[in-house]
Amino acid sequence: MAEQIHDTAECKRVDDGITRVFQVLGKRWNGPILAVLMGQPTHFANLRRAIPGISERMLSDRLVELGAAGLVLREVDEGPPLRVAYRLTESGAALEPSLRELGEWAKKHLPDAPPCPGTAR
């Protein structure tokens, strides 16, 4: 195989900000979780019901990751019964315009996906 010689200054690098964004938002389930939380704080069980196909374990793991990224806060409602709710931080809420714009872009430019089970189109 011939060695390719090129000027490294001509190589286009991915913007560091884009890389960091997709390290968080590029993970499966993170976008839908944030989208559900955009409306209001939501209890764990309601989050799970709102996102078909996600397991409790995966939801829990993703919420921990989103919390560590500073996008989601966990709040314990003292019982009885003991309930845990999640809400967006200020940084998480600041994603709303971008996520809505991405949703509109998807409607225009991505092929239609089959409807969610139990919903009318």
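Where in the chain does Trp-29 lie? Trp-29 is found in the loop between helix H1 (16-25) and H2, and the legends below, which describe a predicted model, return to this residue after an overview of the chain.

**Figure 1. Overview of the chain in the predicted model.** The chain contains 6 helices and 3 strands, and these elements follow one another along the sequence in the pattern α-α-β-α-α-β-β-α-α. Of the 121 residues in the chain, 20% are buried, while the accessible surface amounts to about 9,400 Å², with carbon and sulfur atoms contributing 55% of that area. Among the contacts in the chain with a separation of 6 or more, 45% are between residues 24 or more positions apart.

**Figure 2. Close-up of the loop residue Trp-29, between helix H1 (16-25) and H2.** Although Trp-29 is not a glycine, its phi is positive, at about 90°. Trp-29 has a relative accessible area of 13% and therefore counts as buried, the cut-off for this class being under 20%.

**Figure 3. Close-up of the crossing between helix H2 (residues 30-39) and helix H4 (residues 56-68).** The axes of H2 and H4 come within 10 Å of each other and cross at roughly 75°, so that H2 is roughly perpendicular to H4. On the H2 side the contact is formed by Asn-30, Ile-33 and Leu-34, and on the H4 side by Leu-59, Arg-62, Leu-63, Glu-65 and Leu-66. Sorted by class, the residues in this contact of H2 with H4 comprise 5 nonpolar, 1 polar and 2 charged.

**Figure 4. Close-up of Asn-30 in helix H2.** Asn-30, which is one of the H2 residues that make the contact with H4, has a relative accessible area of 1% and is therefore buried. The side chain of Asn-30 reaches the backbone oxygen of Val-24 at 2.7 Å. When residues up to four places away in sequence are not counted, Asn-30 touches Val-24 together with Arg-62, Glu-65 and Leu-66, and the latter three are listed among the H4 residues that take part in the contact with H2.

**Figure 5. Close-up of Thr-42 in strand E1 (residues 42-43).** With a relative accessible area of 9%, Thr-42 is buried, and the side chain of Thr-42 reaches the backbone oxygen of Gln-40 at 3.0 Å. Once neighbours within four places in sequence are left aside, the residues in contact with Thr-42 are Val-36, Leu-37, Leu-47, Val-84, Ala-85 and Tyr-86. Val-36 and Leu-37, both in contact with Thr-42, fall within the range of helix H2 (residues 30-39).

**Figure 6. Close-up of Arg-49 in helix H3 (residues 44-50).** Arg-49 has a relative accessibility of 59% and so counts as exposed, whereas Thr-42, in strand E1, is buried at 9%. The side chain of Arg-49 is joined to the side chain of Asn-46 by a polar contact of 2.4 Å.

How values were computed: Residues are numbered from 1 along each chain as its sequence is written. This is a predicted model: local features need pLDDT of at least 70, side-chain atom pairs count only at pLDDT 80 or more; totals for chains, interfaces and linings use all residues. Side-chain values use heavy atoms; hydrogens and water are left out. Helices (H or I, at least four residues) and strands (E, at least two) are DSSP runs, numbered from the N terminus. Buried means under 20% relative accessible area, exposed over 50%, partly exposed in between (1.4 Å probe, protein chains only). Contact means heavy atoms within 4.5 Å. Accessible areas come from the Shrake-Rupley method with a 1.4 Å probe; for residues, only the protein chains shown count as cover. Axes are lines fitted to C-alpha atoms, for helices over the stretch in contact, and angles run from 0 to 180 degrees between N-to-C directions. Angles under 35 degrees count as roughly parallel, over 145 as roughly antiparallel, 65 to 115 as roughly perpendicular and the rest as oblique. Ala, Val, Leu, Ile, Met, Phe, Trp, Tyr, Cys and Pro count as nonpolar, Asp, Glu, Lys and Arg as charged, and the others, Gly among them, as polar. A polar contact is a pair of N or O atoms within 3.5 Å; within protein, one must be able to donate a hydrogen and the other to accept it, and residues adjacent in sequence count only if both atoms are side-chain atoms.
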